[in-house]
Amino acid sequence: MVLVRLGQLGLRHHHRDRPDLPYLTAVAKEAACPGLAEGAQCSTNLSVLGLPISPGSLAPYTITVATILSAITLIFVGAIADRSPRPTRLLGGFAWAGSIAAASMFFVQGTNWQLGVLLIIIANICLGASLVVYDSLLVRIAGPDERDRVSSRGWAFGYLGGGILLALNLVLLSAYDSLGLTRGQAVRVSLLSAGVWWAVFTLIPYLGLRSLHGTRAKPVDVRAGVVGGSLRQLADTFREMRHYPNTLLFLVAYLFFNDGIQTVISSASLYGQEELGFGESQLITTVLLVQFVAFGGALLFGRLAARLGAKRVILGGLVLWTVVVIIAFFMPEQQFGLWLVLGVGIGIVLGGTQALARSLFSQLIPRGREGEFFSLYQAMERGTSWFGALIFGLVYQLAGSYRLSIIALVLFFVVGGVLLARCDIREGIRQAGNPMPSVV
């Protein structure tokens, strides 16, 4: 699992920091309002397929479209991944395609926002596809008793690796003058480095896990082919979910609170730059802090779960997420010290919440069906995670305020927390036919 997480370092850095979103926003504003002062509002709309789009809403709308397309793609990828004789080839292929798209953001400049939209969509689709394969590998390289520990350590190493690249980006953005670069060129080089980082570290799981062959999934009907047979089995998995009501309830709860988490992560840089007036170097400093704090946070949540149970720890994490969003709503502009405090709070709950959600879900999966259910887990996550970005963009489009956009995300944590609280984990484990852990 550590090998797989190391291979996703560049991927996670690109996905969580999202320097591409504020950069795309800046390029879009330049196209709509040439010569606009930095931090000023642009009242002119862009025309996208004949629709008027505010430059400030272009980035979240792009993520919305990318996520919807990704969800459709993952239905096929998730079904095929479990039955692929060479899963690492799938992982490498999707990751390298995504890394090329991410690195190509270097060529987005001036008013060429259309290229930026296309590259972000491609990178996000490849991101989701590689994560489907990644999830399916988890159950093949870590036993049931190892998954909590391995998952927590894996997330921790992922944030540590991403922090290294962020530190290098911070040095670049702080000293671009001495290197003979403009600030725009430094930002573009940072985007390039994320793609290169992703590509290089993908070599680790590709080479280290290349000995994985065959499949754990049920054989498919030869007459239907791999795709047809896999999709037929995926449809069977959907139908069988009704026999596991607590597993389904947990999955719905996860889709809500994870959507809130993903939207906060992807929109934090945009919120900090456009609403609070922070510069690129300040934002990278913040994300650098979050990355290193998340290293310890993931390990901390793993230890707390061993004592209190994963469900209780996740619920506590959702309370902290809600507090963080509320504080961000009331935060005055240019209060960088308070912004860093929020970064610490996010770092503590970020990796731990998601790592424990995956570990807890694995307890609710019937034995022998782990790969199929995790494929469903990832596909459904992508299928609904566009909603938070859409709400964020719509609120800004209607109200012209990122503050109202960010506070609207509290709803996702509240609904997710209420549904999770109603989930009977013990009964769900019994329904799945799994042994009961010592702490639930």
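These legends accompany close-up views of a predicted model.

**View 1. The largest nonpolar core and its main contributor.**
Let us start on the inside. The largest nonpolar core holds 66 residues. Those with the most contacts inside this core are Phe 250, Phe 257, Ile 314, Trp 321, Leu 350, Phe 361 and Phe 413. Which helix gives the most to this core? Helix 10, spanning residues 245-274, does so with eleven residues. A second core, separate from the one just described, has 35 residues. Val 27, Leu 58, Ala 59 and Val 287 are among them.

**View 2. A salt bridge between helix 10 and helix 3.**
Now look for charged partners. Searching the whole structure turns up three salt bridges, and this view shows the pairing of Glu 274 with Lys 29. Their closest N and O atoms are 2.5 Å apart. Glu 274 belongs to helix 10 and Lys 29 to helix 3 (residues 20-32), so this pair ties together parts of the chain that are 245 residues apart in sequence. Are these two residues buried or exposed? Both Glu 274 and Lys 29 are buried.

**View 3. A salt bridge from a loop to helix 16.**
Glu 275 forms a salt bridge with Arg 403, and here the closest N and O atoms are 3.4 Å apart. Glu 275 sits in the loop between helix 10 and helix 11 (280-308), while Arg 403 lies in helix 16 (residues 402-407), so the pair ties together parts that are 128 residues apart in sequence. Glu 275 is buried, and Arg 403 is buried too.

**View 4. A salt bridge within helix 18.**
In this view Glu 427 forms a salt bridge with Arg 430, with 3.4 Å between the closest N and O atoms. How many residues apart are the two partners in helix 18? They are three residues apart in helix 18 (residues 425-432), so about one helical turn separates them. Glu 427 counts as partly exposed because its relative accessibility is 28%, which falls between the 20% limit for buried and the 50% limit for exposed.

**View 5. A nonpolar patch on the surface.**
Moving to the outside, Val 65, Ile 68, Leu 69, Ile 72 and Phe 76 make a nonpolar surface patch of about 410 Å². One of these residues, Val 65, lies in helix 4 (residues 55-81). With a relative accessible area of 41%, Val 65 is partly exposed.

**View 6. A positive patch supplied by two helices.**
Four arginines, Arg 149, Arg 153, Arg 303 and Arg 307, form a positive surface patch. Which helices each supply at least two residues of this patch? They are helix 7 (147-174) and helix 11. Arg 149 is found in helix 7 and is partly exposed, with a relative accessible area of 40%.

**View 7. Two pairs of residues, viewed by their C-alpha atoms.**
Asp 145 is found in the loop between helix 6 (113-141) and helix 7. This residue is exposed, with a relative accessible area of 78%. Although Asp 145 and Pro 437 are 292 residues apart in sequence, their C-alpha atoms are 9.1 Å apart in space. For the other pair, find Ala 103 in helix 5 (residues 87-103). Ala 103 is buried, with a relative accessible area of 13%. From Ala 103 to Leu 119 is 16 residues in sequence and 9.1 Å in space, C-alpha to C-alpha.

Notes: Residues are numbered from 1 along each chain as its sequence is written. This is a predicted model: local features need pLDDT of at least 70, side-chain atom pairs count only at pLDDT 80 or more; totals for chains, interfaces and linings use all residues. Side-chain values use heavy atoms; hydrogens and water are left out. A nonpolar core is a set of buried Ala, Val, Leu, Ile, Met, Phe, Trp, Tyr and Cys residues joined through side-chain atoms within 4.5 Å. Buried means under 20% relative accessible area, exposed over 50%, partly exposed in between (1.4 Å probe, protein chains only). Helices (H or I, at least four residues) and strands (E, at least two) are DSSP runs, numbered from the N terminus. A salt bridge is a side-chain nitrogen of Lys or Arg within 4 Å of a carboxyl oxygen of Asp or Glu. Patches are made of residues with over 30% relative accessible area and no salt bridge: like charges are joined within 9 Å, nonpolar side chains (Val, Leu, Ile, Met, Phe, Trp, Tyr) within 5 Å. Accessible areas come from the Shrake-Rupley method with a 1.4 Å probe; for residues, only the protein chains shown count as cover. Lys and Arg count as positive and Asp and Glu as negative; His and the chain ends are not counted. The place of a charge is taken as NZ of Lys, CZ of Arg, CG of Asp or CD of Glu.
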